[in-house]
Amino acid sequence: MEKEYSCLPRSAARFPAADDAVWEGLPEMRLVETASGRVPAMETRVRAFYDPAMGKLYFRFLCADDEAHSDYTKRDEPVYNQDVLEVFLCDAGDLHRYKEFEVSPFNVQFDADITYHAPHRTTIGLAWDLSGWRSETSSSPAHGVLTSVWEMPLSGFDHVPKAGERWRMNVYRIDHSARGMELSAWSPTGEPNFHVPDRFGSLVFCAC
């Protein structure tokens, strides 16, 4: 059964901090182990909303974390090789094309236009960037916490969604530690691979 997230409309007068009241009462996504669907060692909880008046989509990640691993410093470097938070959004209705967004524990961004050809065959379009995408990330392994807030202008996608519209979506996390590598997903793919678009859930832009 396809997962569905109700993305509620809310007003964000400013970029919301991770503890801003605007996040209260929103539905929550809890990530599970990607292949098996089991509870992962490191918990990841995600909430989202959109601001129709400002034309922006927001995500907040609250994660348990005991180690931070990422050496990348520049946008669009392959941050997915180490610790990373990810969102895949199919905004055009074609599961062979979707946008991939990633943020490292140290707030290094990666965004790309993905063309999906077949299992384990994709083209990564790094020439595309979401203009105005803002993220703020705080990594504190000593306190066991990783948080990240994203603000994404909807005008940068293929089209601006209307209330009632749905985009296909999945949310992921890669975590490296002494335990090994852990892959987590909102909608499990059944294999250690995130690029399985037919297992994406849906992000529903609710009217109220």
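The exercises below work through strand pairing, salt bridges, a pocket and a surface patch in a predicted model.

**Exercise 1.** Determine which strands pair with β12 and in what sense.

Solution.
Step 1. Start with β6, residues 84–90: this strand and β12 are antiparallel and share seven bridges. Within that pairing, Val87 is opposite Val171 of β12.
Step 2. Next take β13, residues 180–185, which pairs with β12 over six bridges, again antiparallel. Here His176 faces Met181 of β13, and two residues separate the two strands of this hairpin.
Step 3. Then take β14, residues 201–205, joined to β12 by four bridges in the antiparallel sense. Val204 in β14 is the bridge partner of Arg166.
Step 4. Check the burial of β12, residues 166–177: nine of its 12 residues are buried, and the strand is mostly covered.

**Exercise 2.** Locate the salt bridge of Arg166 and classify the accessibility of both partners.

Solution.
Step 1. The side chain of Arg166 meets that of Glu4, with an N to O distance of 3.0 Å.
Step 2. Arg166 belongs to β12 and Glu4 to β1 (residues 4–9); the two are 162 residues apart.
Step 3. Buried requires under 20% relative accessible area and exposed over 50%. Arg166 has 44%, so Arg166 is partly exposed. Glu4 has 48%, so Glu4 is partly exposed too.

**Exercise 3.** Is Glu151, which forms a salt bridge with Lys56, buried or exposed?

Solution.
Step 1. The closest N and O atoms of Glu151 and Lys56 are 3.6 Å apart.
Step 2. Glu151 is in β11 (residues 145–153) and Lys56 in β5 (residues 56–64), so the contact ties together parts 95 residues apart in sequence.
Step 3. The relative accessibility of Glu151 is 9%, so Glu151 counts as buried.

**Exercise 4.** Identify the salt-bridge network that contains Arg30 and Glu43.

Solution.
Step 1. Glu43 and Arg30 meet in a salt bridge at 2.6 Å, N to O. Glu43 is in the loop between β3 and β4, and Arg30 in β2.
Step 2. The network links these two with Glu28, Arg45 and Arg47.
Step 3. For context, the whole structure has 20 salt bridges.

**Exercise 5.** Describe the largest pocket and find which of its central residues also belongs to a nonpolar surface patch.

Solution.
Step 1. The largest pocket holds about 230 Å³ of space. Its lining has 13 residues, with Tyr80, Glu86, Ile174, Phe194 and His195 nearest the centre.
Step 2. β6, β7 and β13 each give two or more residues to this lining.
Step 3. The patch consists of Tyr80, Ile124 and Leu126, with about 240 Å² of accessible area together. Tyr80 is therefore the residue sought.

How values were computed. Residues numbered from 1 in each chain as written. Predicted model: local features only at pLDDT ≥ 70, side-chain atom pairs only at ≥ 80, totals over all residues. Heavy atoms only, no water. Patch = residues over 30% accessible without salt bridge, like charges linked within 9 Å, V, L, I, M, F, W, Y side chains within 5 Å. Areas by Shrake-Rupley, 256 points an atom, 1.4 Å probe, with all protein chains shown as cover. Salt bridge = Lys/Arg side-chain N within 4 Å of Asp/Glu carboxyl O. Buried < 20%, exposed > 50% of the residue type's maximum accessible area, 1.4 Å probe, protein only. Pairing = 2+ DSSP bridges. 1 Å grid on protein atoms, 1.4 Å probe; cavity = no way out; pocket = protein on both sides within 12 Å on 5 of 7 lines; lining within 4 Å. Points joined across faces, edges and corners; volume = space filled by probe spheres on them.
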